[in-house]
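User: Hi! Could you walk me through this one? I'd like to start with the sheet and then go to the core.

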Amino acid sequence: MASLNINGRVHSHDAEPDTPLLWVLREQVGLTGTKYGCGVALCGSCTVHIDGAPVRSCVMPVSAVRPGQKVTTIEGLSADLPGGAKGTAGDHPLQKAWVKNDVPQCGYCQSGMLMAAAALLKKKPKPTDADIDAEITNICRCGTFNRVRAAIKEAAGMKTAAGLDIVHVPRRQA
Ligand code: FES
Ligand code: FES
């Protein structure tokens, strides 16, 4: 048996070393918030954090997670707030901004979007439009990119001014 530290808890698993982390999370640990989209590191729906950095878990062999590294999934996003209530779902500023801005449409890509956005805000607390375009390479088939951008800025304390930001179309959508 091997083990992984996921959302602050140690989980044992018996997956083959080359099994993608995504399938260990979903099928062995039961954390199904992380989604399978393309399976080839393109769409980002499988994004989780390893030691705070975003990774595409569909192409990461579980054996590549080194002992001591911390995996965070969407289920653990809100628990890492300083002073936050462990296990309280949905209290991350991004999750609140997501709700306020009605970001999701079908919702399938959204856990990956949130994880990518959370990693961005850790790295760049006040991201520019260019930062968001560069870092959030996740694909949303419903085209929620404008609301994603607005919610990221709101969570960053940068209220989106009416106008340009709202109508800006990210390059991935073209
Ligand atoms: S499912 Fe991993 S990037 Fe698409
Ligand atoms: S909300 Fe439907 S794919 Fe993004």
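User: In which sense do strand β1 and strand β5 pair?

Analyst: Happy to help! Bear in mind that this is a predicted model. Strand β1 (residues 2–6) pairs with strand β5 (residues 70–72) in the parallel sense, over two bridges. Within that pair, asparagine 5 stands opposite lysine 70 in β5.

User: And what is the order of the strands in the sheet?

Analyst: The order is β2-β1-β5-β3-β4, an open sheet of five strands with mixed pairing. At the edges are β2 (9–13) and β4 (53–56), each pairing on one side only. On average, neighbouring strands are turned by 40° against each other, direction ignored.

User: Which strands does helix α3 touch?

Analyst: Helix α3 (residues 110–123) packs on the sheet and touches β3 (47–50) and β4. The direction of α3 makes about 35° with that of β3.

User: OK, on to the core. Which residues of the largest nonpolar core touch the most other members?

Analyst: Those are Leu94, Leu114, Met115, Ala117 and Ala151, out of 41 residues in that core. Helix α3 gives the most to this core, with eight residues. Domain 1 (2–76) and domain 2 (82–173) each provide at least three of the core's residues.

User: What does leucine 114 touch, leaving out residues up to four places away in sequence?

Analyst: Leucine 114 touches Ile74, Leu77, Leu94, Gln95 and Trp98.

User: Last one: why is helix α5 described as largely enclosed?

Analyst: Because nine of the eleven residues of α5 (residues 145–155) are buried. Among them are Phe145, Arg147, Arg149 and Lys153. Just after α5, glycine 157 takes a positive phi of about 80°.

Methods
Residues are numbered from 1 along each chain as its sequence is written. Chains are lettered from A and ligands numbered from 1 in the order in which they are written. This is a predicted model: local features need pLDDT of at least 70, side-chain atom pairs count only at pLDDT 80 or more; totals for chains, interfaces and linings use all residues. Two strands pair if DSSP finds at least two bridges between them. Helices (H or I, at least four residues) and strands (E, at least two) are DSSP runs, numbered from the N terminus. Axes are lines fitted to C-alpha atoms, for helices over the stretch in contact, and angles run from 0 to 180 degrees between N-to-C directions. Two residues are in contact if their C-beta atoms, placed from the backbone, lie within 7 Å. A residue is buried if 20 or more other C-beta atoms lie within 10 Å of its own, exposed if 12 or fewer, and partly exposed in between; C-beta atoms are placed from the backbone. A nonpolar core is a set of buried Ala, Val, Leu, Ile, Met, Phe, Trp, Tyr and Cys residues joined through C-beta atoms within 7 Å. Domain bounds come from an automatic or database domain assignment.
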